[in-house]
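Let us take a friendly walk through a protein model, looking at its metal sites and at some of its strands. Have the structure open while you read.

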Amino acid sequence: MIKHTLLFVLGILGAFAAVAQNPLRIPDTLSGPVMDLELQSGTNVFYPGFATGTLGANGPFMAPTLMLRRNRPVQLRVQNNLNDTTTIHWHGLHVPASADGGPHSYIPSGTLWAPSFTVLDWAGTYWYHPHHHLHTNAQVSKGLTGFIVVRDSLEDALTLPRRYGVDDIPLLLQTKGFNAQKEITYDHPMDTAVMANGTLRAVHTLPAQVVRLRLLNGCSERVLRLGFHNNESFWQIASDGGLLSAPVSLNRIQLGPGERADILVNLSNRVGQSLQLKSFGSELPNAVYGATQPGMGPGQVIQGYSSNPLNGNDFTFITFSVGAIQAPAVQTIPSTLVNHQPWSATMADTTRVLTFMPQNMGPTAIQGPFMINNAHFDMNVINQYVPVGRTEIWELVNQTPIAHPFHIHHNSFYILSVNNQPPSPSLAGRKDVVMVPGGMGRVRFIMKFENFYDDVVPYMYHCHMLTHEDHGMMGQFIVQSPRVSSVEEGLPALGPSLLIGPQPATTQLKVQIKDGRGPATLRVYSLTGALVKSVPVEASVVDLEIADLDPSIYLIEWKGSGKVYRTKFLKQSGF
Ligand code: C2O
Ligand code: CU
Ligand code: CU
C-alpha cells in the first residue's frame, strides 16, 4: 500500500516535472586581478530521479561568468580536478598564444594552469570552454562553459543596462541530447533538449524597462534563428567582438555555433506580460544545420536528422515574464554606440585562401567528412605561417553543401563580404565567428596580426560545429617573430619545420623539430659564419643553453637523418 502510494506520488511528480518550468540559472561571477577556476565533475538533476553526470568550474555544472575590464591585467588560475586532461580557451579574447588555451596547452588532471594577460578586447560578450582536441564536444556538452563579460570606458559612457542578472542577462543557448539513462550524449543528432544556461524550460522575470540579453549560441552543431513569439522588434547592440556603431532593429537574428549577439528589449510599461524567446527553425533556409534540409538537396542525409523534432521547427528557449521596474531603469534605446573604422581591403598585405572541402575517402572515427585545404587537423602540422605585423584578407571558400561557422583565434576581424555582398549592419562590427554559406559560399574578412608572435605555440582556426572541429575541420597558424619572418632567402631546406622560442631569448632557447627526429646535430653560427655552438640532440624538442652567447642574431641549423633545417634567432641580454 505504502509502496503503491509512493509510486503514485512519484508518477504524479514525474508527470508534473515533464511540463514544469524551471527558474533560469544565472551563473555566479568572478572579478578582480586573480580568478580561481576549479574544474570538477559532478551531477545535475535535469530529469527528476536522474543524477546526470556533468562538468563545471567552481561547481558541478557550468562555469562562473568572468567580469573583466579592458586594459587591466588578469591572472586565471585553472586547477584541473577532472579525471581527464583538458585545456581552457578564452574564446574571442586577444591574448598571447601561450595563454590562449588551445589544444597544445594541456592541463593534465590534478595540475594548475595559470596564464596571465592584459585584457585588450572591446566591451562585449565572450566565453570560455575546453579545447582538448577530440574531446571538446564532450567536455563542452557536459557543461564546462562560462561567459566572459568585458567592460570598458567607452561602454561606461553609454546609457545601457549593466546590472548583471537584473537587467543584463547572459543567455547560453544550447540543445543537448540525453540517452535513456539521462546521461548527456553528444555524438548523434538527437539534441532534443532545449536549454538556456543549462536550464530546461527556463522561466525568468525581467523588470519593466530596457534590458540587455547577451545571446550566445553554445550548441554543438545547431544554427539558431532567434526572435520573440510575438515577432516584436529588438535592437542588436553588439556582435562577437563588442558594440556595433549603432543599434540595429531586428525581429530575428541568426546565430551559428560560437556566435554572440547582445540585444536590447524594451519592456517599459509591460508589467504582467510574458515573452518567449524562440528559435524559428521553420524559417531557417536549407543548407544550415537545424533547417528541414541541412544540405543542398536530397541525398545530403545525416543519419537520424529528420527524426529530431527540433529540425525545421520552432521551439522555445525561455519564457520571460515582466515584473516590477527596478530603478535606476534604462528606458530608451541609444541612437549611437561606438565608432568603428573597419580596415579596408586596400590595407591588406596578402590574401590567404582556405577551402572547405568534403572528404571523399569516407570518414573515419577521428577524421570526419570535412577538411580545410585538403587536410584534417594534425597536432604536429602547422598549416599557416603569418609574419607578425601583417594585415591579411582571409578568403573562405565552402565547397561543401552545408554552412560552417568559421572561427579564428588571436583577434577579431571585420567581414568584407559574404557571397560578394557587403556585410549587413548586424555583421559589420568586430567578429570572431562567421557563417560561411554552403554550396560554394564565399566569405572574405580582414584581420590584423599586429602582436603576440610566438614561433612555437600556434593559434587555431576551425569550424565551431564541435563535431566538425573534433573530427579535424581545424588548422593551426603561427604568428612568426620578425626575425624568423624576414630572413631565409637563399638557404636550402629552410622552413617552418624548425620552431624556436621565445623570441628574443636570453638564457634558453626552445628548439623544436616538426618532421624529423634524432640523432641530429644542432649548430649555431654567428652572422659572419663562425660556428659558436654544436650539440648532439636525441629528442625532437631541446632546450638550448644560450646564456654564454653575446646579444646578436644567430643562425641555427638542425642536421640529421638526411635533413637540414635552418632559421634565425635573436639573443638578447638579460638585464
Ligand atoms: Cu570557441 Cu577555438 O573556440
Ligand atoms: Cu576561440
Ligand atoms: Cu563545420
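How many bridges join β29 to strand β31 (residues 433–436)? There are four, and the two strands run antiparallel. Keep in mind throughout that this is a predicted model.

**Strand β29 and its neighbours**

Within this pairing, H407 of β29 stands opposite V433 in β31. β29 also pairs with β33, again in the antiparallel sense, over three bridges. Here F406 stands opposite C463 of β33. As for the chemistry behind such pairings, strands of a sheet pair through backbone hydrogen bonds, either parallel or antiparallel.

Is β29 mostly covered or mostly open? It is mostly covered, with five of its five residues buried. Its side chains point two ways: H404, F406 and I408 go one way, while P405 and H407 go the other.

**Two copper ions**

Two residues of β29 also turn up at metal sites, as the table shows.

| Ion | Coordinating residues (atoms) | Distance |
|---|---|---|
| Copper ion (ligand 3) | H404 (ND1), C463 (SG), H468 (ND1) | 2.0 to 2.1 Å |
| Copper ion (ligand 2) | H89 (NE2), H407 (NE2) | 1.9 Å |

Start with the copper ion (ligand 3), whose donors follow the spacing H-x58-C-x4-H along the chain. H404 in strand β29 (residues 404–408) and C463 in strand β33 (residues 459–463) are 59 residues apart, and this pair links distant parts of the chain. Why does H404 count as buried? Because buried means under 20% relative accessible area, and H404 has 0% relative accessibility. C463 counts as buried too, because its relative accessibility is 1%.

Now turn to the copper ion (ligand 2), which is coordinated by H89 and H407. H89 lies in strand β7 (residues 88–91) and H407 in strand β29, so the pair ties together parts that are 318 residues apart in sequence. Both H89 and H407 are buried.

**An open sheet elsewhere in the numbering**

Our last stop is an open sheet of four strands, in the order β38-β37-β40-β41, with antiparallel pairing. Its edge strands, β38 (531–537) and β41 (563–571), each pair on one side only. Neighbouring strands of the sheet are turned by 20° against each other on average, direction ignored.

Look at the pairing between strand β37 (residues 520–526) and strand β40 (residues 552–560): seven bridges join them, and they run antiparallel. To find one bridge yourself, locate T521, whose partner in β40 is K559.

Terms used: Residues numbered from 1 in each chain as written. Chains lettered and ligands numbered in written order. Predicted model: local features only at pLDDT ≥ 70, side-chain atom pairs only at ≥ 80, totals over all residues. Heavy atoms only, no water. Donors = N, O, S within 2.8 Å, 3.2 Å for Na, K, Ca; no water. Buried < 20%, exposed > 50% of the residue type's maximum accessible area, 1.4 Å probe, protein only. Pairing = 2+ DSSP bridges. Axes fitted to C-alpha atoms, helices over the stretch in contact; angles between N-to-C directions.
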